[in-house]
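Q: I'd like a close look at the charged residues in one part of this protein, and then at how that part fits into the rest. Could you walk me through it in one go?
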Amino acid sequence: MRSQSDEALMERFRDGAQDAFEDLFARHAPRVQGFLARMVRDGALAEDLLQATFLSVIRSRGRYEPGTRFTPWLMTIAANAARDALRHQRHVDAYATREDTAAPLAPAPDASDPSLRRHLLDALQQLPPDHREAVVLSKVEGWSFEEIGALRGISAGAARLRAHRGYERLRELLGELEPEVAR
């Protein structure tokens, strides 16, 4: 169905073809949006980060190297945007906690929403960003550890270790829900 590869479209966009960018956006925006939403767990922030990601693509098009695989390049931009937003949010949360020490660090479980999905999303948010990213990319997006390693500039073994540490921490956080998550 695709008439041109992502890489060919990006090279056309580098050369000034606006329609090539529109095609890339249409192809990748839903996947990038989903990834960002799982990373930051805030739909409005994920939408903002999606726009920031593609704005970075526009700004960085001259630095795109022909022959570079487009999807890992794009996802690196998105992951960096998510990391920056999470880092900023930690600073905001730390400041807010200092201002109001009675503020809860995490919301109490909602008895009206006991779903496994909710528990899993809460647990994912507690993982360090690099572990969360490895878990989401491997288990949700279906990426190989080689692809995750290429995205982050690390070895496949290091990507596997990050994911493993994320899985282990999820098991700890989910406790009694572990048998359901393991399936």
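With which residue does D130 form a salt bridge, and how far apart are the closest N and O atoms?

A: Happy to. First, a word on what you are looking at. This is a predicted model, so local features need a pLDDT of at least 70 and side-chain atom pairs count only at pLDDT 80 or more, while totals for chains, interfaces and linings use all residues. Residues are numbered from 1 along each chain as its sequence is written, and side-chain values use heavy atoms, with hydrogens and water left out.

Now to your question. D130 forms a salt bridge (a side-chain nitrogen of Lys or Arg within 4 Å of a carboxyl oxygen of Asp or Glu) with R162, and the closest N and O atoms are 3.6 Å apart. This pair links distant parts of the chain, because D130 sits in helix α6 (residues 129-140) and R162 in helix α8 (residues 156-174), 32 residues apart. The helices are DSSP runs of H or I with at least four residues, numbered from the N terminus, and strands would be E runs of at least two. As for solvent, D130 is partly exposed at 25% relative accessible area, and R162 is partly exposed as well, at 23%. On this scale buried means under 20% relative accessible area, exposed means over 50%, and partly exposed is in between, using a 1.4 Å probe and protein chains only.

D130 also leads us to R83. Leaving out residues up to four places away in sequence, R83 touches P129, D130, E133 and R152, where contact means heavy atoms within 4.5 Å. R83 belongs to helix α4 (residues 70-99) and is buried, with a relative accessible area of 14%. Two of those partners turn up again: R83, E133 and R152 are linked in a network of salt bridges. On another side of the story, the C-alpha atom of R83 is separated by 9.8 Å from that of L36, which is 47 residues apart along the chain.

Staying in helix α6, R132 makes a nice contrast. R132 lies in this helix and is buried, yet has no salt bridge; the nearest side chain of opposite charge is D130, 8.4 Å away. Charge here counts Lys and Arg as positive and Asp and Glu as negative, with His and the chain ends not counted. Beyond four places in sequence, R132 touches R38, M39, L86, L124, Q125 and L127.

The structure holds 10 salt bridges, and two others are found inside single helices. R87 forms one with D84, with closest N and O atoms 2.6 Å apart. R87 and D84 are three residues apart in helix α4, so they are separated by about one helical turn. Both are partly exposed: R87 at 37% relative accessible area and D84 at 44%. In helix α8 there is the pair E168 and R171, whose closest N and O atoms are 2.7 Å apart. These two are again three residues apart, about one helical turn. E168 is partly exposed at 34%, as is R171 at 37%. The general rule is that an α-helix has 3.6 residues a turn, so residues three or four places apart point the same way.

Next, the nonpolar setting. A nonpolar core is a set of buried Ala, Val, Leu, Ile, Met, Phe, Trp, Tyr and Cys residues joined through side-chain atoms within 4.5 Å. Of the 46 residues in the largest one, M10, V32, F35, L36, F54 and V57 touch the most other members. Elements giving two or more residues to this core include α4, α6 and α8, and α4 gives the most, with 11. Domain 1 (1-109) and domain 2 (110-182) both give residues to this core, so it lies between them; the domain bounds come from an automatic or database domain assignment.

V57, one of the well-connected members, is in contact with M10, F13, F21, W73, L74 and I77, leaving aside its neighbours within four places in sequence. M10 and F13 bring us to helix α1 (residues 6-14), where D6, L9, M10 and F13 are buried. These four cover an arc of only 100° around the axis, taken from the directions from the helix axis to the C-beta atoms, which puts them on the same side of α1.
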